[in-house]
Structures are given as structure tokens and as C-alpha cells.
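Trainee: Before we discuss this model, could you take me through the reasoning behind the terms that we apply to it?

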Amino acid sequence: MTWFQHEARFVSRAQIEEMVQRTLDEAKERLGIAELKRVLLLPPDLTRAHSGSGWITEKFYELLDAAGAEVHVIPTLGQHVPHTPEDNKWMFGSIPEERIHAHDWKNGVTNVGTVPAALVKEKTGGAVDWEMPIDLNTMLVTEQWDLVINVGHVVPHEVLGFANHNKNYFIGLGGKRLLGASHMASAVYGIENNLGNLLTPVRACFNYAEDEFLGDLKDVYFQVVMDYDDEGKLAHTGVYVGDDLETYYAAARASLAQNITQFDEPVKKIVAVMQADEFRATWVANKAVYRTRMAIADGGELLVIAPGVERFGEQPEVDELVRRYGYLSQAEVLELYKTQEDMQDIPHGTAHLVHGSSEGRFTITYAPGHLSKEEIESVGYQYMDLAEAQKRYDPAVMKDGWNTMPDGEEVFYISTPSAGLWATKDKLDQRAGHEQHG
């Protein structure tokens, strides 16, 4: 059940820190824990640092450490690049480096069970019929924890409808087989059918896995929702704490109401900025594509200004895959997937080729900090010089929403695409499963 939630136009840091203490107090009482001796904190990685998850995790650590607990932290990376010590310090402040562990999605996982192929087929409406092996971080499933605390930001997501909740386990701490099976299932089912739906097929499979294989885990979800304030900055609007699915639904419904911008007509041009300190590969910077694709007009353009981007994939083999094939339509990828062993070997990377494509509907232009024109064009994108893009669409001048440039060009500007979803009303209404709102 939901233990407690707090919703307001804006929730202060001091209020959130009080709720961190309340979570610890209630966990002991509700879960029957005599003493918190060993606790595991599972925050998101630095691509969600803007959510405040870093300082929330640090507050949990401080309170637990002061009470004498042994506390460990595993950022829920999935297959993203592990943090450097500098990244950890930037995001988690005073938490000692030796208490922060990098998730190893290839060699650091243990199988706890399997979601049967028949269930996957049922949940995806027959779109796919493969099983999902539930391989999870070994430290999570083999060591003894008095309490596991999941910290995260609930926001529209391309695989699970909304991020966080048990995504922390099954993607954030998942192994190669699980990441491949789940990402490919979402790509076949259709990214636009997932975004902003409370219950997607992959989420339903994860809910089954949580009930079946993690039922004995004493855990709690500490979830935040954010919205833009009057200055155009992201601020917290809700905190949702509990140990069940209803806690997820409560947060996701709030995100659904606050984080989806609907348009009556498709938008001809969107300019999106991906922050250099969070987004270093198109794998994560392409959130700009995922979150805006349902708003962009046929023949329109998305410009992604990404000063931190230096590669395509988060991992070398995914980077090679993107460079080899480029971003392709769903039909092209599924045809190639039947015969290409390199695609079959890393299906989560193959799914990314679909997710980063416009399906030929609109142009994707990248202004990256550290990739050349030739590299960008080789994967099917157009290129714009970063300095030129930043001069024309100066983040210090542009406002979130509609902007008219000096030469009359109308653009819709988004400063933090990873924090929402932008779509036409028609596109939202046409999706498979759009009635699944909990």
C-alpha cells in the first residue's frame, strides 16, 4: 500500500528531507524491522540527476549512517556507463566512494527466475513470444538487507510508460538477457504505444516478476514528481512513498497530469537541449527524440543541442552497432534482426536503433559537442555546428514553449526533454492500450 504521499504546487527540499526521515521510521514499523543494520540504496544514475535523487540518497545515507547502519549504494545504471568518482561526488555529495558500487550488467548478475514466454505473449497482445530471464544484480539478490530503498523520478518513459518504481530492479539492475528481451519487446510493441501509459506490456511483465521473485525483499519506493515553476525551472510537486504498485500508480497519475504537453496541431520545429553534465551519448540524449516524436509534424524537424555528446552507444558494442547500421525504421530493424547475429547478440542495442529513428516522418538534426559532421550524418541524422546552434537558439534567451526567432522562424523550445512528454491530442488518443490508465 501507499504509506504516505505529499502533493503541493511545490515541495521544498526541507520538506522532502523530513519525508526521508519519516520513510525510515515507517519502514521499521510497517515492515517489522527491529534494527536497520544493513541497508541498500538504489538511486537512478546521473542521467536523472536533475530530479534531486542524488541529494535525497545522500540524506538517506546521512541519517542511516548516523544511526550506525552499514549502508551501500548501487546507482541503477542498466547498461549505462558506470560513474566516475567525480560523477559520484557531483551527484551523491558526501557518500564515501567505497560505499558506491557500479552495476555490472554482464558479469555481476544472478538469475532469480523467468517470466514465461506465454505471459509475455499475452501482455504484448501477441506482438512477441519470448521469455524474459530475470537476471538481477548479485549484490541485491544474494546479500542480506534489512531494507532496500528505491529512490527515483516518475516521468514518461519509452519502454515502461513511466520511469522508476520496479524499473530500478529490472532495467537498472538487470542483466544483458533481461535488458535485451525487455527493450526488444517494447520496440516491437511500439514506442508510441508505451509513452505515457500507466501499464505497458513490459511493465506488466516486471510487475509479475516483482511479485514472483522479489516478494521476500523488504523494500520501499521513495518517488518524486516534478513540474516547471514560474521561472521555467524543474521543481518537486509530489513525493510518493510505499511498497506496492499503488504507490507507482499514484505518482504516475500525477506525472500524467503534469508532464505531458498536448498540442492541437503537430509542431513543425522543436529545439531541445540535452545538458552536458548528464547526457554524453545519443543513447541517452535521444530522450529528446522519444519524448517529442508524437508532437512533430510529418516533414518537420527536431534539433537536438547536445554539448556533452561524444559517442552513440553507452557501451562500445552498442556504439559499433549504431555506427554500422544507423538509426532505422521499425520495419527495417525487425527484418535485419532475423538474420544479423550482431543484432541478435545485443537486442537492447537493436531496439535503440528503432527508438532513435523518426520512422522517416521528420528530420533529426544533432548539434553535438564531440562528434563530427561525418559521424552524425553516417547514422541518418543531419548535422548542425554546436556553436552556431547555441548562438541561434541561445539557452539564456530562449524560453520553454513557443519562440519567434528574429527572422520569423517559429520554434517550440524544450530545456529538459527528459522531464516530460510532448504529443498531439490525436496521437495520444490513437495509441494501443491508451485506455490502460490504472
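Mentor: Two strands count as paired if DSSP finds at least two bridges between them, and with that criterion in hand we can turn to this structure, which is a predicted model.

Trainee: What makes strand E1 (residues 2–7) a partner of E10?

Mentor: Five bridges join E1 to E10, set against a requirement of at least two, so the strands pair, and they run antiparallel. Within this pairing, Gln5 stands opposite Tyr240 in E10.

Trainee: How do you know that strand E9 (residues 219–228) pairs with E10?

Mentor: The same criterion of at least two bridges is met by the eight that join E9 to E10, again in an antiparallel arrangement, and here Tyr228 stands opposite Leu234 in E10. E9 and E10 form a hairpin with five residues between them, and Gly232 in the turn has a positive phi of about 80°.

Trainee: Why is strand E10 (residues 234–242) called largely enclosed?

Mentor: A residue is buried when its relative accessible area is under 20%; eight of the nine residues of E10 are buried, so the strand is largely enclosed by the rest of the structure.

Trainee: What places the buried residues of helix H13 on the same side?

Mentor: In H13 (residues 316–325), the buried residues are Val318, Asp319, Leu321, Val322 and Tyr325. They cover an arc of only 160° around the axis, which puts them on the same side of H13. These buried residues pack against helices H11 (282–285), H14 (330–337), H15 (341–345) and H16 (347–355), while Gly326, just after H13, takes a positive phi of about 75°.

How values were computed. Residues numbered from 1 in each chain as written. Predicted model: local features only at pLDDT ≥ 70, side-chain atom pairs only at ≥ 80, totals over all residues. Heavy atoms only, no water. Buried < 20%, exposed > 50% of the residue type's maximum accessible area, 1.4 Å probe, protein only. Helix = DSSP H or I, 4+ residues; strand = E, 2+ residues; numbered from the N terminus. Arc of directions from axis to C-beta. Contact = heavy atoms within 4.5 Å.
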